[in-house]
Amino acid sequence: MSSAGGRGLHGMDNPNPTMSRTRGTVRSQDGTVIAYERRGDGPPVVLVGGALATAADQAPLANLLAHRFSVIAYDRRGRGASGDTAPYAVRREVEDLAAVVGEAGGHACVHGTASGGALVLEAAAAGLSIARLSVYEPPFVTDPAGRARSADRRERVEGLLARDRRSDALELFLSEALPPGALDGLRGSPLWAELEARAHTLAYDHAVLGDADVPAERLREVAVRVMVVDGGASPSWRRESVRAVSRALPRGRHRTLTGQTHEVAPHVLAPALEGFFADAA
């Protein structure tokens, strides 16, 4: 779930609250309006959030990168100020990202977190114009038993969403992503209503992940250089999945951020991204 509801769930500080920010929209190929926020000047970097995340949740990381880059974070379709044209298809999300990259100048570095990482890997395989790509712990699962558990949870979440039980679907999804006791506090906060409004997009992230297995054949079609990052304190299954993604990529590079978990700290991630993207122009 990394980055979802980051403002309320993780208490990440804004390192530069005076950083200039401009807001805009761009139309995707199917006409859907995609809202974005831009910070800083320099070579373009696009940030793609994970499950439930919006552009606002990317602000701490964007502010840390904006001294060197023009950083664009956007609301994926169905979230925040973006539209949500039916029916959903992963290719439409790829088209959304293509529209944002086009707004950035047609060629950009891209970073995706969690399921956003899975999305940007698919976009790169589809031929999107990306200078360099970074992903943080895309939530694929290499263990068959783990994939079976993931499929069961997916079926239960989507069953609840089909019955419009958004709050219950959120609780089920977040129960495995949050530390003990955090869910109760979140349910009583104003952020809960915001997350409920985005809950239907959990099905979109499920579609991006497919059966949750590492799509090795598809990843072999990614021609761009990719930094695949994990947290040194993340569970072993996450770290093994990251290594499997890195091995499948023709130009993959694996990096571990010591002491980090799936909810990576922006001030730790930012220097790694800056170093990787700095000479991509």
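Let's start at one end of the sheet: strand β1 (residues 21–27) and β2 run antiparallel to each other and share 7 bridges. Strands and helices here are DSSP runs, E of at least two residues for a strand and H or I of at least four for a helix, numbered from the N terminus; two strands count as paired if DSSP finds at least two bridges between them. Before going on, note that this is a predicted model, in which local features need pLDDT of at least 70, side-chain atom pairs count only at pLDDT 80 or more, and totals for chains, interfaces and linings use all residues. Residues are numbered from 1 along each chain as its sequence is written, and side-chain values use heavy atoms, leaving out hydrogens and water.

Back to the hairpin. β1 and β2 are joined by 5 residues, and G31 in that turn has a positive phi of about 95°. Across the pair, T25 sits opposite A35 of β2. On to the next neighbour: β2 also pairs with strand β4 (residues 70–74), antiparallel again, over 4 bridges, and R38 has I72 of β4 as its bridge partner. As for β2 itself (residues 33–39), 5 of its 7 residues are buried (under 20% relative accessible area with a 1.4 Å probe, protein chains only; over 50% would be exposed, and in between partly exposed), so the strand is largely enclosed by the rest of the structure.

Now zoom out. The open sheet has 8 strands in the order β1-β2-β4-β3-β5-β6-β7-β8, and the pairing is mixed. β1 and β8 are at the edges with a single partner strand each, so one side of each has no neighbour in the sheet. A parallel example is strand β6 (residues 130–136) with β7, over 4 bridges; there, V135 is partnered by V228 in β7.

What about the helices? Helix α11 (residues 236–248) has 13 residues and spans 18 Å from first C-alpha to last, close to the 18 Å expected at 1.5 Å a residue, where the expected span is 1.5 Å times one less than the number of residues. Its buried residues are R238, S241, V242, A244, V245, S246 and A248. Among the elements covering them are β7 (226–231) and β8 (252–257).

Finally, how far to trust it: the mean pLDDT (the predictor's confidence in each residue, from 0 to 100) is 93, and 93% of residues reach 70 or more. Over residues 5–15, though, pLDDT is below 50. Where pLDDT is low, the predicted coordinates shouldn't be read in detail.

Definitions and conventions
Contact = heavy atoms within 4.5 Å.
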